[in-house]
Amino acid sequence: MELDPLILSRIQFAFVVSFHAIFPVFSIGLASFIAVLEGLAFKTGNPLWEKLSAFWTKVFAVVFGMGVVSGIVMSFQFGTNWSNFSQASANFLGPMLSYEVITAFFLEAAFLGVLLFGRHKVPAGVHLFAAIMVAVGTFISSFWILSANSWMHTPSGVELRDGVFHVTSWSQAIFNPSFPYRFAHMVVASFLTGGFVVAGVSAWYLLRGREVEANRKALSMCLWMLLFLAPTQAVIGDLHGLNTMEHQPVKVAAMEGNWETSRNVPLLLFAIPDQENQTNRFEIGIPNLASFILTHEWDGEVPGLNEVAVEEQPPVGIVFWSFRVMVGLGLLMIAFALAGLLLRRNGAYYQKRWFLQGLRFMSITPFIAVIAGWFVTEIGRSPWLVYGMMNQAEALTPSLTGGMALFTLIGYVVVYGLVFSAGVYYLLRVLYVGLEDEDEGEHESDRPARPLSAAHVPFEIEHGQGDVNHAKPANEGGH
Amino acid sequence: MELFDLALIWAFIIGFGVIMYVLMDGFDLGVGILFPFAPSETDRDTMMNTVAPVWDGNETWLVLGGAGLLAAFPKVYSIILPALYIGVFLLLAGLIFRGVAFEFRFKARTSRYLWNWSFAGGSTIAAFAQGAVVGAYIQGFNTVDGVYVGGALDWLTPFTVLTGLGMLAGYSLLGSTWLIMKTEGRLQEWAYRITTPLLIAVLVIFAIISVWTPFVDDMVRERWFDHITVIWVLPALTLLCAFQIWRSVRNRFEGMPFVATMGLFITTYLGLIVSRWPYVVPPEYTLWDAASAYESQLFLLLGLLFVIPIVLTYTAWTYWVFRGKVRAGEGYH
Ligand code: HDD
Ligand code: HEM
Ligand code: HEM
């Protein structure tokens, strides 16, 4: 069997970037949360805030570390597997990625060191400043990378000469038509991720009656934020979709599972798109609703997949279903945020077990929604790489053979598999041991020579730790 | 009309970025390579703590090298990465394992030895791969019309294996002299002890590479041997640095061995550059052939001139925050 380097490279890129994307969305949200906690600790002097901050910083360190190592892989993927694309788009993408490095990555890396290791080496105000700088860095980073990505969806401000893109207007290229929507949607997605994870973990501690006061505070903060952001995300998503309809109508047709341009299009709740016969099987839909959402008129015209040749259509099934997963989860998030508001009266939100259990489950949904969202966006662009200007086959590295691509694909799957399992395992350990460990932290400065191991969460689940009271380090009673 | 030769300016900037990377990530990779040989587990804790707060920033210079090449010399980026495809994968895999080891090792107890190996193995593979890249670069690349046409393993030759080993030895030397500066007591004593043998290893391998290189490529031979030129100052300076390392270790100076090792790296690096100048994808393309569009180089340059001084300032500040000796048992996080 002939190995196709194009398919393998696509799978490889999708794998490494999806893997990478899980960590940034979480770390962007968490970085801001930590900065807020540090700010509250600094202003009120209440040790609870510092305790929460120290705890979540530990989680952050692991997530950030995995984000960094997988990100370094990303910056070389373009050259190794998509060298023709790199060559052609370097005039624009090169400066974008370089600006990301000099304005964001250096900032994050430098202040991360101070945030993680400097609590007792710098004054409290400087430590707060470091936390803020790390959070700011994550936003600057998203700005550049999403601008670069959006440009590939809605290229503008460039001119194609001899197979190479030349920038004619930097402002048009950077602030290309889909960028504002994608940026807003992604930032809110990151906050939703951070919010639901913190809420879910706090709920779990509350269920087990651990550190009730601190975790109630954290949960309450998150619920207020989610109440505001979950609906906002739906509105931004709607606007994003309208923008996509203008610039990439075929992608919207795939999202809606609409094969022919027509009026009075129903919103499909369920269908099995059949690309071969260019139709859907088992359609269940709400009449006219898609027309209304996309055009704000009940009989508006919605673009169909028949606008382009069959070879130029993206794989409809994946786009169609990924979109439903994302929106479905988005609606579920709104439901939970509203429930949180209704349960506010006499503190039911931290007592009702079904609600807390539900929040626990909700903490993984943002990750699924984010990956699903990227699948919609990226697979919906197929077969184009730079929409309407360069397709995937043209972009591939000419010297790449199927064997080489397969070798590195397997390599990345194995390496990431190992690292990811270890990372998740350790994260679970940190969560399992919980905030109680932070009482320890307050004494750290008095006892610089304290044995390292005591303050740290062991990697392995040890016997006797199943019981919460044992989760504290053994030498805890010593002071 | 184009006012400045931007391609030339960019060559200096990328050159600066690369040597920054080599010096900074060099010592923390070196610490990783030396890791398994440390006297005790407590010493390993201390070794890791000397680099834990700064390694991420150090590695960012590599990311800048990649992104900067794409921006300023896309031809280099899009020829060298495919040519070194397998090597780049090994480099990245090595960096992944050593990167996560920082986080996981301190949390581990019974499985700690796994993260020791992950840190040491990852650092060693990454250092070797970087050395092999240097060797491959001296060899040159097989291109047609600006596209790499060679095979997947063309880069792997006895010569590149040797340059890989040279880099391993060189980074270990940076690592051991860094430890002399940052530690005390038994660990420092150990670092003093291994520095001289490492220095000898570096000199021997570098000598073999220097003798071999002219046979690998005609242009390099003509440049160095056709007539004695001013560039011979560089090897002379390299030897002077080596002498300085040896002397300062014997006199138990603490900072000088590290500084002199950096000097050794810089002069060797300059020697490499003059061997190939102005070719950036030998033997075909010069830096002017490989440059991106003038307006792209200009757009990035303006921002860079403004931002890099700020980056250097706060980077220096973080080194200052974590200045001084690192002692056993000083906490992580
Ligand atoms: C700057 C560029 C850029 C950025 C920021 C992203 N992508 Fe992308 N993506 C590409 C540039 C790209 C690409 C180079 O254009 C690919 C490679 C192969 C392809 O078809 O398009 C691609 C493909 C691609 C595919 C496979 C599509 C297919 O083969 O049909 C998936 C699933 C994703 N990406 C997912 C993501 C995720 C989860 C991202 C979140 C970080 C992401 N992309 C960011
Ligand atoms: C395919 C495109 C991408 C490339 C080439 C890329 C590249 C990188 C690199 C090299 C790093 C490590 C930086 C360091 O050394 O500190 C990184 C980290 C990061 N990336 Fe990406 N990235 C991509 C997609 C994205 C997207 C879509 C986002 C989010 C909007 C994002 C946000 C971040 C953030 C916040 C970090 C900081 C560290 C962390 O992950 O926790 N990246 N990225
Ligand atoms: C609830 C209603 C939502 C709607 C109507 C909506 C709409 C959209 C649309 C139309 C796109 C495709 C953009 C394109 O054409 O390229 C998209 C992409 C995306 N969505 Fe959503 N979305 C919703 C909820 C969510 C939620 C809850 C999350 C995550 C927490 C999320 C994360 C993403 C991501 C990461 C992308 C890819 C990046 C981008 O193009 O912005 N979305 N969304």
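I'll start at ligand 1, where a polar side-chain atom of Arg381(A) lies 2.8 Å from an oxygen atom of the ligand. Keep in mind that this is a predicted model.

Two other polar side chains belong in the same part of the talk. Gln392(A) has a side-chain N or O atom 2.4 Å from an oxygen atom of ligand 1. Asn149(A) places a polar side-chain atom 3.3 Å from a nitrogen atom of ligand 1.

Now the metal. Which protein residue is the donor to the iron atom of ligand 1? That is Glu378(A), through OE, at 2.6 Å, and the iron atom has no other donor from the protein. Glu378(A) sits in helix α12 of chain A, residues 365-379.

Around ligand 1 as a whole there are 18 residues, and the closest are Arg10(A), Glu378(A), Arg381(A), Leu385(A) and Gln392(A). Helices α1, α4 and α12 of chain A each put at least two residues into this shell. The biggest share comes from α1(A), with six residues. Sorted by class, the shell around ligand 1 holds 12 nonpolar, three polar and three charged residues.

Next, ligand 2. Its shell has 24 residues, with His20(A), Ser27(A), Gly67(A), Gly71(A) and Glu108(A) as the closest. Why call this site shared between chains? Because the residues surrounding ligand 2 come from chains A and B.

In terms of helices, chain A supplies at least two residues each from α1 (5-44), α2 (47-81), α3 (83-117) and α4 (124-153), and α3 (55-72) of chain B also supplies at least two. The main contributor is α2(A), with eight residues. By class, the shell around ligand 2 is 14 nonpolar, eight polar and two charged.

Two polar contacts to report here. A polar side-chain atom of Ser27(A) is 2.7 Å from an oxygen atom of ligand 2. For His20(A), a polar side-chain atom is 3.1 Å from a nitrogen atom of ligand 2.

Last item, a helix pair in chain B. The axes of α1(B), residues 6-34, and α11(B), residues 256-276, come within 11 Å and cross at roughly 140 degrees. This crossing of α1(B) and α11(B) is right-handed. From α1(B), the contact residues are Gly15(B), Val18(B), Ile19(B), Val22(B), Leu23(B) and Phe27(B). On the α11(B) side they are Phe258(B), Met262(B), Phe265(B), Ile266(B) and Tyr269(B). How does this contact divide by class? There are 10 nonpolar residues, one polar and no charged ones between α1(B) and α11(B).

Terms used:
Residues numbered from 1 in each chain as written. Chains lettered and ligands numbered in written order. Predicted model: local features only at pLDDT ≥ 70, side-chain atom pairs only at ≥ 80, totals over all residues. Heavy atoms only, no water. Donors = N, O, S within 2.8 Å, 3.2 Å for Na, K, Ca; no water. Helix = DSSP H or I, 4+ residues; strand = E, 2+ residues; numbered from the N terminus. Axes fitted to C-alpha atoms, helices over the stretch in contact; angles between N-to-C directions. Left-handed = near helix turned anticlockwise from the far one by under 90°. Contact = heavy atoms within 4.5 Å. Nonpolar A, V, L, I, M, F, W, Y, C, P; charged D, E, K, R; others polar. Near = heavy atom within 4 Å. Polar contact = N/O pair within 3.5 Å; in protein donor to acceptor, adjacent residues only side chain to side chain.
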